[in-house]
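Biologist: Hi! Could you walk me through this model before I start on my figures?
Modeller: Happy to, let me bring it up.

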Amino acid sequence: MSQSNLHAVIGGGGLAGSLLALALAQRGYRVTVFEKRSDLRGKAAPGGRSINLALSERGLYALGKVGLAEKALSQTIPMRGRLIHDLSGATNFLPYSSQSSEFIRSISRPGLNRMLLEEASLHPNIELHFDVSVEEVNQKEKTIVVLNAQKQPSKHTFDLLFGTDGAGSAVRKSLGFEAEKLFSIEMLGHSYKELEMPSLPNGDFAMSPEALHIWPRGTYMLIALPNLDRSFTCTLFLPNDGSPGFNQLISPIALHTFFREQFADALPLLPSLEEDFFSNPTGSLGTVRCSSWTTGGHSLILGDAAHAIVPFFGQGMNAAFEDVSVLCDMMDASTSTDWPRLLTDFESSRIPNTNAIADMALENYIEMRDLVADDAFKLRRRVALELEVRYPNRFTPRYSLVSFSRVPYKTVQDIGGRQSEILFALCQEAGQFEKIDWSRAEQLVSDLPEIHPESRD
Ligand SMILES: Cc1cc2nc3c(=O)[nH]c(=O)nc-3n(C[C@H](O)[C@H](O)[C@H](O)COP(=O)(O)OP(=O)(O)OC[C@H]3O[C@@H](n4cnc5c(N)ncnc54)[C@H](O)[C@@H]3O)c2cc1C
C-alpha cells in the first residue's frame, strides 16, 4: 500500500499529536486526530494549566521540520539566563551560555498548540475531531473505539496508530504497555500551582522579561516566565506534605504569611494571589518510564504518553517534539517506509535518550531550588562558562548541550558526568575563580570527547 493510502490515527491532539499530524500529512498519509478537549482555536487559555513553556533547540528544530519554526519564533520571548531572587529581594543574573546567540524562549502553550492545530486544519490530509476521547484499541482488528461528548462510542479503523495522549495515556493502557516490569510512574511528592503576575498599570512588565526568574528556597521554589501580553506566569513548586507544604497552605492567612516571609519582592506583584492559589488546580509531577512503546508493527506511543518527565530542565515538550523530528528523519531515510522496522528502531533509539533526560530533569530540580543560591555552585557554573570560551569544541556545559544542541540526551548525560567531576576537582582545590589552575583544567578537558560544531545546531 502506498503511503497516500495509509490511514494514521492519532489519539491526543496536544503539542506532540498536532505536530505529528502535520509531519505525517506532509508525507502523504491520511491522518485522523481524536482530541479529548474542545477545540482550542479561537478560544482564550483556560486558567490553571502551565500556560507558558521554555522552547529550546530540539523543539525549534522539530517545528522547522513542518515549516513552522519562524512562525513559532515570532511568538516567543528570549530568556537569556536565570535571575535569582534571594530572601532580601536582591537579584543575581546567571547567564545560560557564554555565547550571546544561545538562550531559551518563553512561548504560550495554548498559543503554540493553537498554531499547530490551525495549520493542521488547513491541511487536506488531516481530519480533526474535538471533544472525542480514545477509549480502547483492538490491535488485532486495527480498530479504535472513541467516545464523543455525549459518551456515544464509535469505531474507526487504522493502518497506523499513534498515542500522543499525555502522561495519563489511554492508548498506552489499552496497548498493554502498563504491564508490570514494562512501566513505572514515580511521583515526585511535590506539586505545582500557577499564579498570574499581570503587567504594571503603565503596561510594562513587572520584572525584567529577559530572564527566567527563580526564587530558590532549598526544598521548594517559585519561578516566573514572561508572556507576550507583558504578564508573567509564576509557578510555585512545593512539597505536598511538609513545612512548608501544600497541605499547610490552607487559609489565606497562611498563604500571605508564607509569601511575605519567602517571596516578599514578588508578593506586591501578585494581586490575585489568593484567588489564583485557591481556585487554580494543584498539578502533580511525576516521571513515566515505559520500556515498550510499540506493538504489532503498527502502533506507537510518544511524547508524554511514553516518557512524561518533571519540568525542571524545560525539556518535556522539547523531547516530545524531538520524538517527532527523529521519526521524520527515519521516514525520510528511505523511499518506502518499512513501518514495523522503523517503529522498533525508533523505540530502541529513543528510550535510552528519554530515560537520560528524565534523570537529568530530576537532578535539575535540586539545582534550581537549592544550588543556584549556593556559592560553590555559582563558582562551578562560572568556571564551566569560562571552559566553554577556552575550549568550545571540548567543553560545552551540560545545560547548553541539552538546551542548545541536538546531541542525544544519553550522550549529554555521559559527558555531563565527566564534566561534573572536572568542575568539582578544579573548584574544590581553588575555592575561588582567581585561583583556578587553568593548566590543570586544560589537561583534564583534553580527555573529554570533541563536540562537533554541527551537532550543536
Ligand atoms: C508545570 C509544567 C511546566 C512545564 N514546562 C515545560 C517547559 O518549559 N519546556 C518543555 O519543553 N516542557 C515543559 N513541560 C512539559 C510539557 O508540558 C509536556 O512534556 C508536553 O506538553 C508533552 O506534550 P504531549 O503532546 O506529549 O502531551 P500533552 O501536552 O499532555 O497532550 C496530550 C493531549 O492528549 C489529550 N488527551 C488526553 N487523553 C486523551 C484521550 N483519552 N483521548 C484523546 N485525547 C486525549 C489531552 O487533552 C491533550 O491535548 C512542563 C510541564 C509542566 C507540568
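**Around the ligand**

Modeller: Let's begin at the ligand: among the 32 residues around the ligand, G12, G14, G166, G303 and G316 come nearest. Keep in mind that this is a predicted model.

Biologist: Which elements give two or more residues to the shell around the ligand?

Modeller: Those are helix 1 (15-26), strand 3 (52-55), strand 9 (133-138) and helix 9 (316-332). Helix 9 gives the most, with four residues.

Biologist: And by class, how many nonpolar, polar and charged residues does the shell around the ligand have?

Modeller: The shell has 11 nonpolar, 16 polar and five charged residues.

Biologist: Let's stay with helix 9. Is helix 9 largely enclosed or not, and why?

Modeller: Helix 9 is largely enclosed by the rest of the structure, because 12 of its 17 residues are buried. The buried residues of helix 9 are G316, M317, N318, A319, A320, F321, E322, D323, V324, S325, V326 and L327.

Biologist: What covers the buried residues of helix 9?

Modeller: The cover includes helix 1, strand 3, helix 2 (57-65), helix 8 (304-307) and helix 10 (339-369).

Biologist: How far apart are the end C-alpha atoms of helix 9?

Modeller: They are 25 Å apart. At 1.5 Å a residue, the 17 residues of helix 9 should span 24 Å, so the two values agree.

Biologist: OK, on to sheets. In what order do the six strands of the open sheet run?

Modeller: The order is 8-2-1-12-19-18, with mixed pairing. Strand 8 (126-129) and strand 18 (294-295) are the edge strands, and each pairs on one side only.

Biologist: In which sense do strand 18 and strand 19 pair?

Modeller: Strand 18 pairs with strand 19 (residues 299-301) in the antiparallel sense, over two bridges. There, T295 stands opposite S299 in strand 19.

Biologist: What about strand 12, which partners does it have there?

Modeller: Strand 12 pairs with strand 1 in the parallel sense over four bridges, and A8 stands opposite L160 in strand 12. Strand 12 also pairs with strand 19 in the parallel sense, over three bridges, where F162 stands opposite L300.

Biologist: Are the faces of strand 12 covered or open?

Modeller: Both faces are covered. L160 and F162 on one side are buried, and so are L161 and G163 on the other.

Biologist: Which strands does helix 1 lie across?

Modeller: Helix 1 lies across strand 1 (7-11), strand 2 (30-34), strand 8 and strand 12 (160-163). Its direction makes about 170° with that of strand 2.

Biologist: Nice. Now the three-stranded sheet: what is the strand order there?

Modeller: That open sheet has the order 3-7-4, and the pairing is antiparallel. Strand 3 and strand 4 (77-79) stand at the edges with a single partner strand each, so one side of each has no neighbour in the sheet. From one strand to the next, the twist averages 35°.

Biologist: Which helix packs on that sheet?

Modeller: Helix 4 (residues 109-122) does, touching strand 3 and strand 7. The direction of helix 4 makes about 75° with that of strand 7.

Biologist: And how many bridges pair strand 4 and strand 7?

Modeller: Three bridges pair strand 4 with strand 7 (residues 104-108), in the antiparallel sense. M79 stands opposite I104 in strand 7.

Biologist: Switching again: which strands are joined to strand 13?

Modeller: Strand 13 (residues 183-197) is joined to strand 17 (residues 283-290) by seven bridges, and the two run antiparallel. S191 has S284 as its bridge partner in strand 17. Eight bridges join strand 13 to strand 16 (residues 232-239), also antiparallel, and there the bridge partner of M197 is F232.

Biologist: Last one, F93. Is F93 buried or exposed?

Modeller: F93, which lies in strand 6 (residues 91-95), counts as exposed because it has 12 C-beta neighbours inside 10 Å, and a residue with 12 or fewer is classed that way.

Biologist: What is F93 in contact with, beyond its neighbours within four places in sequence?

Modeller: F93 is in contact with G81, L83 and A211. The C-alpha atoms of F93 and V9 are separated by 46 Å, and the two residues are 84 apart along the chain.

Key:
Residues are numbered from 1 along each chain as its sequence is written. This is a predicted model: local features need pLDDT of at least 70, side-chain atom pairs count only at pLDDT 80 or more; totals for chains, interfaces and linings use all residues. A residue is near a molecule or strand if its C-beta atom, placed from the backbone, lies within 6 Å of it. Ala, Val, Leu, Ile, Met, Phe, Trp, Tyr, Cys and Pro count as nonpolar, Asp, Glu, Lys and Arg as charged, and the others, Gly among them, as polar. Two strands pair if DSSP finds at least two bridges between them. Two residues are in contact if their C-beta atoms, placed from the backbone, lie within 7 Å. Axes are lines fitted to C-alpha atoms, for helices over the stretch in contact, and angles run from 0 to 180 degrees between N-to-C directions. The expected span of a helix is 1.5 Å times one less than its number of residues. A residue is buried if 20 or more other C-beta atoms lie within 10 Å of its own, exposed if 12 or fewer, and partly exposed in between; C-beta atoms are placed from the backbone.
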